[in-house]
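This report describes the arrangement of sheets and helices in one protein model. Please consult the sequence and structure shown here while reading.

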Amino acid sequence: MMQDEHNITNTDGDTRLKILLLGDASNYHRCLAIGLQRLGHEVTVASDGSRWMNTGRDIDLSRPLPSKAGGLMLWLKIKRLLGNKLAGYDIVSVNGTCFASLRPARLSAMFDSLLRNNRRVFISALGTDSRYVAACTGDNPPLRYDEWQVNGFPSPHATANRDEIEQWLAPELSALCNKVYAQSAGTVTALYEYDEVCRTFLPADRVAYGGIPIDTKSIEYFGPGSTDGKVRLFLGRHADRTIEKGTDRLLEISKRIVAAHPDACTLDIVENVPYAEYLDRLHSADIVLDQLYSYTPATNALLAMTMGKTVVSGGEPEYYDFINEHENRPIINAVPDDDDALFRAIEDAVIHPSALAERGAKSREFAIKHNDTEVVARRFIDFWRSKL
């Protein structure tokens, strides 16, 4: 089957690849698939739809029940799929080292089958794993700050979730993580932070930066969205990740700003809604509050930037330098250790609304240049081809 596929070329004149993207997070793999398909490749997404986000997929890997019985039912379904619909691909890229809602032993067996029945297996580094937690909570963290530590001290998330650290570092999960990294053909990272951490334990030739894909062609430019003369602050959050993302502190800062300038701004809070509804709610925003402990704008911020919104997110100089962007730096950088400085930065945007349109236009230009789904897809393809 793969031999037949190798005789077909894509729009760039290269051999068309048959690709499986396994697992998803915040619509990453589904959006990446769009870019890969536009480049002429055959792509299948198998995932649980990022749980409550219910994002698109070709093969549903949702856990039917939250109990152990649900895990068994999912495992039996996956075992049936491994010999056919999850086999015969040139490229398989798994979402991190925990790419399905199964316990480590079953994920390990699933990974073995993927290795046997496909040409190459890669990792899409889209989130936390045991190696990342070990690096960030160790004695010499590679980043100045992250969700687990700030300037070498435990972050609020780490302090409140010590049991989560123990779970990530437990022998069974750590062994799975080490195995997947060791036996995969390479890793493509979604964020600057993940790239920096991966390079502390992987050879340089086994890591490549991909970035977060955004289907900019399908997202209309809206610019500032308020119609009543007030600047609309927009906070979208995951209910169970508020401390991890710093949206608890962003909420308090935004409330202070609204209290100080009630005639100038309002606050819209959106929590745990399906992806399509979230995008619809985002249209009316002016300033989007994303997250606090990141060097990098993530999916939420990049969607808003594509719409022409001003965002408060990761916008550190290290990130801009990493992507070779030295002129257009439109993000209001969410510093994690100075709430007063962040208050002043957001307040300045609120009391100078005439500047929002220009910043929004630069935001869209940034997202198209660095994160359009075809731009990101080409980075993946270039790295994958180098390992075939």
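## The seven-stranded sheet

Helix 4 lies across strand 1 (18–22), strand 4 and strand 5 (120–125), and runs at about 130 degrees to strand 5. Here contact means heavy atoms within 4.5 Å, while axes are lines fitted to C-alpha atoms, for helices over the stretch in contact, with angles from 0 to 180 degrees between N-to-C directions. Helices (H or I, at least four residues) and strands (E, at least two) are DSSP runs, numbered from the N terminus. The model is predicted: local features need pLDDT of at least 70, side-chain atom pairs count only at pLDDT 80 or more, and totals for chains, interfaces and linings use all residues. Residues are numbered from 1 along each chain as its sequence is written, and side-chain values use heavy atoms, with hydrogens and water left out.

The strands crossed by helix 4 belong to an open sheet of seven strands in the order 3-2-1-4-5-8-9, with parallel pairing. Two strands pair if DSSP finds at least two bridges between them. Strand 3 (59–60) and strand 9 (207–209) form the edges, each pairing on one side only. Strand 8 (residues 187–189) is joined to strand 9 by three bridges, and the two run parallel; T187 stands opposite V207 in strand 9. Helix 17 (residues 373–387) lies across strands 1, 4, 5, 8 and 9, at about 145 degrees to strand 5.

## Helix 3, helix 4 and D90

The axes of helix 3 and helix 4 (residues 104–117) come within 11 Å and cross at roughly 10 degrees. The two helices are therefore roughly parallel to each other, a term for angles under 35 degrees. Helix 3 contributes G71, L72, W75, I78 and L82 to the contact, and helix 4 contributes R106, A109, M110, S113, L114 and N117. By class, this contact has seven nonpolar, three polar and one charged residues. Ala, Val, Leu, Ile, Met, Phe, Trp, Tyr, Cys and Pro count as nonpolar, Asp, Glu, Lys and Arg as charged, and the others, Gly among them, as polar.

D90 is found in the loop between helix 3 (68–82) and strand 4 (91–95). At 0% relative accessibility, D90 counts as buried, meaning under 20% relative accessible area (1.4 Å probe, protein chains only). A polar atom of the D90 side chain lies 2.8 Å from the backbone nitrogen of K18.

## The five-stranded sheet

A further open sheet has five strands in the order 11-10-12-13-14, with parallel pairing. Its edge strands are strand 11 (265–271) and strand 14 (332–333). Five of the seven residues of strand 10 are buried, so this strand is largely enclosed by the rest of the structure. Seven bridges join strand 10 to strand 11, where L235 stands opposite I269. Three bridges join strand 10 to strand 12, and L233 has I287 as its bridge partner. I287 also has a bridge partner in strand 13, namely T310.

Helix 11 (residues 247–260) lies across strand 10 (231–237), strand 11, strand 12 and strand 13, at about 165 degrees to strand 10.

## Helix 13

Eight of the eight residues of helix 13 (residues 299–306) are buried, so this helix is largely enclosed by the rest of the structure. Its buried residues pack against strand 10, helix 12 (275–282), strand 12, strand 13 and helix 16 (356–371). Just after helix 13, G308 takes a positive phi of about 90 degrees.

Terms used. Buried means under 20% relative accessible area, exposed over 50%, partly exposed in between (1.4 Å probe, protein chains only). A polar contact is a pair of N or O atoms within 3.5 Å; within protein, one must be able to donate a hydrogen and the other to accept it, and residues adjacent in sequence count only if both atoms are side-chain atoms. Angles under 35 degrees count as roughly parallel, over 145 as roughly antiparallel, 65 to 115 as roughly perpendicular and the rest as oblique.
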